[in-house]
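This report describes part of a strand arrangement, some residues packed within it and a group of aromatic rings. Please consult the sequence and the coordinates alongside the text.

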Amino acid sequence: MQKIYPYIFPAVALLFVLFLLFRWYNLRTQREGMTSLLNEEVTIDELTNEEEQNLMLGAGDYQAAELTGEDPTMLGEVRYEVTGGELLFSVNATLPLISNDRYQVWLRQTEGAAQRKAFALSYTKAGYIGSGAVDSGTLPLEVVISRETTDDTLLEEVLLTGTISAETQE
């Protein structure tokens with residue numbers, strides 16, 4: 001029996017450390033699941049006309065992020081604001097006019113591989129525009145503009161990318 005006594009305390013300590021690691025891992029994955037773009041509870045809503053106009057005109061205290069790509073003729077900008085736990089954002093891009101395909105905005109998490117289709121850009125006199133809202137818990141996000149030939153869940157040709165950082169949260 002006395003040969004077992006020296007091993008009891010290290011075994012209890014090891015079990016305690018394993019318990020803490022298990023608990024830490026469960027809490028971490030649960031928190032990431034709640035703020036992931038792939039979570040079913042996270043919805044990407046299109047903004048109302050009034051909210052969209054305010055973002056486009058710059059009324060209010062909005063932040064901006066540049067969208068860049070390999071082709072210097074394609075330019076873009078994301079205007080965004082975090083209010084009430086929600087990220088309101090608007091995308092404005094100067095892209096070549098297309099007739100059969102469409103330009104699509106995707107949101108991609110910078111920490112991980114989660115990505116989701118947000119909305120299609122519509123053509124106006126000012127270029128291609130679109131706007132949406134998503135839970136601010138998903139920040140930081142990478143905004144991607146792609147050229148899509150089919151309306152599916154696969155990202156096709158990436159044209160412009162930019163990042164909305166988490167530093168702007170309230």
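In this predicted model, residue I145 has L160, in β9, as its bridge partner, and this pairing belongs to an antiparallel association of β8 and β9 that extends over 7 bridges. The two strands are part of an open sheet of 4 strands, ordered β5-β4-β8-β9 and paired in the antiparallel sense. Its edge strands are β5 (115-120) and β9 (157-164), each of which pairs on one side only, and the twist from one strand to the next averages 25°. As general background, strands of a sheet pair through backbone hydrogen bonds, in either a parallel or an antiparallel manner.

Just ahead of β8 in the chain, the loop between β7 (127-135) and β8 (141-148) contains P140, and the peptide bond that joins L139 to P140 is cis, with omega about 0°.

Within the sheet, Q104 is found in strand β4 (residues 102-109). Which residues does Q104 contact, once its neighbours within four places in sequence are left aside? They are K117, A118, F119 and A120, together with V144, I145, S146 and E148. A polar atom of the Q104 side chain lies 3.0 Å from the backbone oxygen of F119. A118, which lies in strand β5, is 14 residues from Q104 along the chain, and the C-alpha atoms of the two are separated by 7.5 Å.

The aromatic residues offer a further view of strand β4. There are 3 aromatic pairs in the count; in one of them, Y103 and Y128 meet edge-to-face, at 4.8 Å centre to centre and with 75° between the planes. This pair links distant parts of the chain, since Y103 is in strand β4 and Y128 in strand β7, 25 residues apart. Ring pairs also join Y103, Y123 and Y128 into a cluster.

The relative accessibilities of four of the residues discussed above are set out below.

| Residue | Relative accessibility | Class |
|---|---|---|
| Y103 | 2% | buried |
| Q104 | 3% | buried |
| Y128 | 5% | buried |
| A118 | 16% | buried |

Why does A118 count as buried? Its relative accessibility is 16%, and the class of buried residues takes in values under 20%, so A118 falls within it. By that cut-off Q104 is likewise buried, because its value is 3%.

Conventions. Residues numbered from 1 in each chain as written. Predicted model: local features only at pLDDT ≥ 70, side-chain atom pairs only at ≥ 80, totals over all residues. Heavy atoms only, no water. Pairing = 2+ DSSP bridges. Axes fitted to C-alpha atoms, helices over the stretch in contact; angles between N-to-C directions. Buried < 20%, exposed > 50% of the residue type's maximum accessible area, 1.4 Å probe, protein only. Polar contact = N/O pair within 3.5 Å; in protein donor to acceptor, adjacent residues only side chain to side chain. Contact = heavy atoms within 4.5 Å. Phe/Tyr/Trp six-rings, centres within 6.5 Å; stacked < 30°, edge-to-face > 60°.
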